[in-house]
Amino acid sequence: MTIVGALLLILTFAGAPARAAEATPLPMQEVAPGVFVYAAPYALAGRGNDGAIANVGFVIGREAVAVIDTGGSLRAGERLRAALRQRTALPVRYVINTHVHPDHVLGNAAFATEGTTFVGHRALPEALAARAQDYLRANADLVGPDFAGTRIVPPTLLVSTTLDLDLGGRVLHLDAWPTAHTNSDLTVRDEGTDTWFLGDLLFVGHVPALDGRLTGWIATLRALRARPAARVVPGHGPAALPWPAAAGPIDRYLATLEAQVRAMVRDGTPIGEAGRAARGEAGDWALFDDFNARNATTAYQELEWE
């Protein structure tokens with residue numbers, strides 16, 4: 001069985017069906033004509049937030065809609081779909097996942113009955129297959145009863161380099177990136193409004209979370225900054241921001257982390273003390289203590305083998 005085929009069989013623990021009750025629509029902001037974004041709170045997945053802790057959005061074309069990320073549970077995805085249906089009856093032609101993390105992909109099933117094509121980085125099916133059970137188990141515990149019915153829906157349309165998707169008079173340009181924040185980072189640009197969804201390649205306010213390669217992330221941000229855009233949508237942070245000015249804080253954090261971890265490796269500091277790196281950044285980021293030590297340990301493991 002293929003990776004995609006195996007993932008299609010992975011359901012939640014109780015196999016609970018989707019709820020019939022109407023979901024409360026997510027509050028969306030129209031950041032450009034026909035481009036809507038939910039700016040999530042800075043929070044960890046938990047009871048009371050449906051796992052809706054990442055920015056998600058949709059773009060409405062003349063013939064169809066594309067959804068960009070879906071949230072951290074079936075309920076979160078249903079809330080996004082309800083918000084979409086407040087604004088258009090057009091079919092959802094595509095759901096695009098910007099990377100593997102559960103707060104961005106676990107709402108996919110809310111759109112699985114609409115004849116939708118699911119789109120992702122070429123590495124995303126394998127990344128999801130490796131983590132699916134852990135993601136479902138951990139988030140079921142965190143979110144609680146509101147996680148019922150959540151399942152993994154992997155992409156079937158994969159992006160190796162670039163891909164253009166037409167919504168009818170509206171083209172979305174997708175780029176697949178080398179390993180950076182994760183090994184499955186994908187960006188989505190609405191060419192009509194020059195609005196660029198960067199997923200978690202861009203964190204604003206919420207401390208970055210490193211799950212790929214630190215040096216790769218720094219290099220990818222450098223490449224992104226070289227491309228102008230009218231506005232960008234971060235994976236965590238405000239709904240939209242000017243570019244490349246929005247990259248300033250994350251550039252500083254990642255550079256600080258790299259410099260201090262490199263010094264630790266050079267000086268023979270044990271990996272168990274890596275969490276001290278970048279502590280001077282603590283006051284500038286939400287959820288710093290939840291992610292920084294893990295970031296530093298991941299960076300140490302990468303840099304010690306250079």
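Let's start with G61: leaving aside neighbours within four places in sequence, this glycine is in contact with L90, L167, G168 and R170. Keep in mind that you're looking at a predicted model. Its mean pLDDT is 94, and 93% of the residues reach 70 or more. Below is a quick tour of a few spots to find in the structure.

**Around G61**
- To find G61, look in the loop between β3 (56-60) and β4 (65-68).
- Is G61 buried or exposed? G61 counts as buried because its relative accessibility is 12%, and the cut-off for buried is under 20%.
- For a sense of distance, try M264: its C-alpha atom is 51 Å from that of G61, and the two residues are 203 places apart along the chain.

**Around T193**
- T193 also sits in a loop, this time between β10 (186-190) and β11 (195-203).
- With a relative accessibility of 16%, T193 counts as buried.
- Which residue shares a side-chain polar contact with T193? It's T195, and the contact is 2.8 Å.
- Not counting residues up to four places away in sequence, T193 touches A32, P33, V35, R170, A230 and R231.
- You've met one of those names already: R170 is in contact with G61 and also touches T193.

**Around A132**
- Now hop over to helix α4 (residues 124-143), where you'll find A132.
- A132 has a relative accessible area of just 1%, so this residue is buried.
- A132 and V153 are 21 residues apart in sequence, while their C-alpha atoms are 10.0 Å apart in space.

**How α6 and α7 meet**
- Two packed helices are described by the angle between their axes and the distance between the axes.
- Here the helices are α6 (residues 248-267) and α7 (residues 288-303), whose axes come within 9 Å and cross at roughly 55 degrees.
- That angle makes α6 oblique to α7.
- As for handedness, α6 passes α7 in a right-handed crossing.
- On the α6 side, the residues that meet α7 are Y253, L257, E258, V261, R262, M264 and V265.
- Their partners in α7 are F288, N292, N295, A296, A299, Y300 and L303.
- M264 should ring a bell: this α6 residue is the one whose C-alpha lies 51 Å from that of G61.

**Where to be careful**
- Over residues 1-20, pLDDT stays under 50.
- The model has 42 contacts beyond four places in sequence for residues 1-20.
- Where pLDDT is low, the predicted coordinates shouldn't be read in detail.

Definitions and conventions: Residues numbered from 1 in each chain as written. Predicted model: local features only at pLDDT ≥ 70, side-chain atom pairs only at ≥ 80, totals over all residues. Heavy atoms only, no water. Helix = DSSP H or I, 4+ residues; strand = E, 2+ residues; numbered from the N terminus. Buried < 20%, exposed > 50% of the residue type's maximum accessible area, 1.4 Å probe, protein only. pLDDT = per-residue confidence, 0-100. Contact = heavy atoms within 4.5 Å. Polar contact = N/O pair within 3.5 Å; in protein donor to acceptor, adjacent residues only side chain to side chain. Axes fitted to C-alpha atoms, helices over the stretch in contact; angles between N-to-C directions. Parallel < 35°, antiparallel > 145°, perpendicular 65-115°, else oblique. Left-handed = near helix turned anticlockwise from the far one by under 90°.
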